Amino acid sequence: MAESIAFMDLSNSQTSEATVEIFDPPMCCPTGMCGPTIDQALLNVNEMILTLQSDDVSVVRYQMTSHPQAFLNNADVMRLVREQQMAALPITVVRGKVIKAGEYPTLTEIKSNLNGASK
């Protein structure tokens with residue numbers, strides 16, 4: 001007598017939402033876009049975040065002073081900060097993987113990592 005074995009389809013079992021986490025250097029406000037002059041790099045990052053959010057991508061930004069636990073909870077981020085100190089920041093994490101440290105990524109870099117392309 002042959003037993004039937006049920007196979008599970010694991011292709012749709014991944015339920016985690018694509019997430020982008022940005023670990024920012026210390027700034028005067030959450031976006032860094034305060035004060036008399038605006039840094040063009042921070043303006044570009046803000047526009048990139050708005051674009052990603054309009055594509056239903058969850059984006060979260062952390063600053064060491066206001067979100068220290070987020071830094072402590074990510075071993076890769078803490079390793080980079082210990083090794084390079086503030087020069088490691090900003091650090092961008094996509095789907096739990098560090099994709100860039102020391103500068104902000106481009107929208108293209110983030111999208112290629114969201115789509116699973118390797119660097």
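## A tour starting at helix H4

Select helix H4 and pick out its buried residues: Ile 110, Asn 113 and Leu 114. Look down the axis of H4. The buried residues fall within an arc of 105°, so they line one face of the helix. The model you are viewing is a predicted one.

Now show what that face meets. The buried residues of H4 pack against S1, H1, S3 and S4. Step just past the end of H4 to Gly 116. Gly 116 has a positive phi of about 90°.

**Zoom out: the whole chain**

Colour by secondary structure. You should find 4 helices and 4 strands. Follow them from the N terminus and the order is β-α-β-α-α-β-β-α. Next, colour by burial. Of the 119 residues in the chain, 34% are buried. Turn to contacts between residues at least 6 apart in sequence. Of these, 54% join residues at least 24 apart.

**Select H1 with H4**

Show these two helices together. Their axes come within 10 Å and cross at roughly 35°. The crossing of H1 past H4 is right-handed. On the H1 side, select Met 48, Thr 51 and Leu 52. On the H4 side, select Leu 107, Ile 110, Lys 111 and Leu 114. What kinds of residue make up this contact of H1 with H4? The split is 5 nonpolar, 1 polar and 1 charged.

**Select the largest core**

The largest nonpolar core has 15 residues. Show Val 20, Ile 22, Leu 52, Val 59, Ile 110 and Leu 114, which touch the most other members. Three elements give two or more residues each to this core: strand S1 (19-24), helix H1 (40-54) and helix H4 (107-114). Which of them gives the most? H1 does, with 5 residues.

Centre on Ile 110. Leave aside neighbours within four places in sequence. Ile 110 then contacts Val 20, Met 48, Leu 52, Thr 92, Val 94, Ile 99 and Pro 105. Apart from this core lies another, of 12 residues. To find that second core, select Tyr 62, Met 78, Ala 88 and Val 93, which are among its members.

**Select Thr 92**

Go to strand S3, where Thr 92 sits. Is Thr 92 buried or exposed? Thr 92 is buried, because its relative accessible area is 0%, and the cut-off for buried is under 20%. Show its surroundings, again skipping neighbours within four places. Thr 92 touches Val 20, Glu 21 and Ile 22, among others. Its contacts also include Lys 97, Val 98, Ile 99 and Lys 100. Pro 105 and Ile 110 are in contact with Thr 92 too.

**Last stop: H3**

Select helix H3, residues 75-84. Which residues of H3 are buried? They are Val 77, Met 78, Leu 80 and Val 81. Look down the axis of H3: the buried residues fall within an arc of 160°, so they line one face of the helix. An α-helix has 3.6 residues a turn, so residues three or four places apart point the same way.

Turn to the other side of H3. Here Ala 75, Arg 82 and Glu 83 are exposed. Then turn back and show what covers the buried residues of H3. The cover includes S1, helix H2 (68-73), strand S3 (91-94) and strand S4 (97-101).

Definitions and conventions:
Residues numbered from 1 in each chain as written. Predicted model: local features only at pLDDT ≥ 70, side-chain atom pairs only at ≥ 80, totals over all residues. Heavy atoms only, no water. Core = buried A, V, L, I, M, F, W, Y, C linked by side-chain atoms within 4.5 Å. Buried < 20%, exposed > 50% of the residue type's maximum accessible area, 1.4 Å probe, protein only. Contact = heavy atoms within 4.5 Å. Axes fitted to C-alpha atoms, helices over the stretch in contact; angles between N-to-C directions. Left-handed = near helix turned anticlockwise from the far one by under 90°. Nonpolar A, V, L, I, M, F, W, Y, C, P; charged D, E, K, R; others polar. Arc of directions from axis to C-beta.
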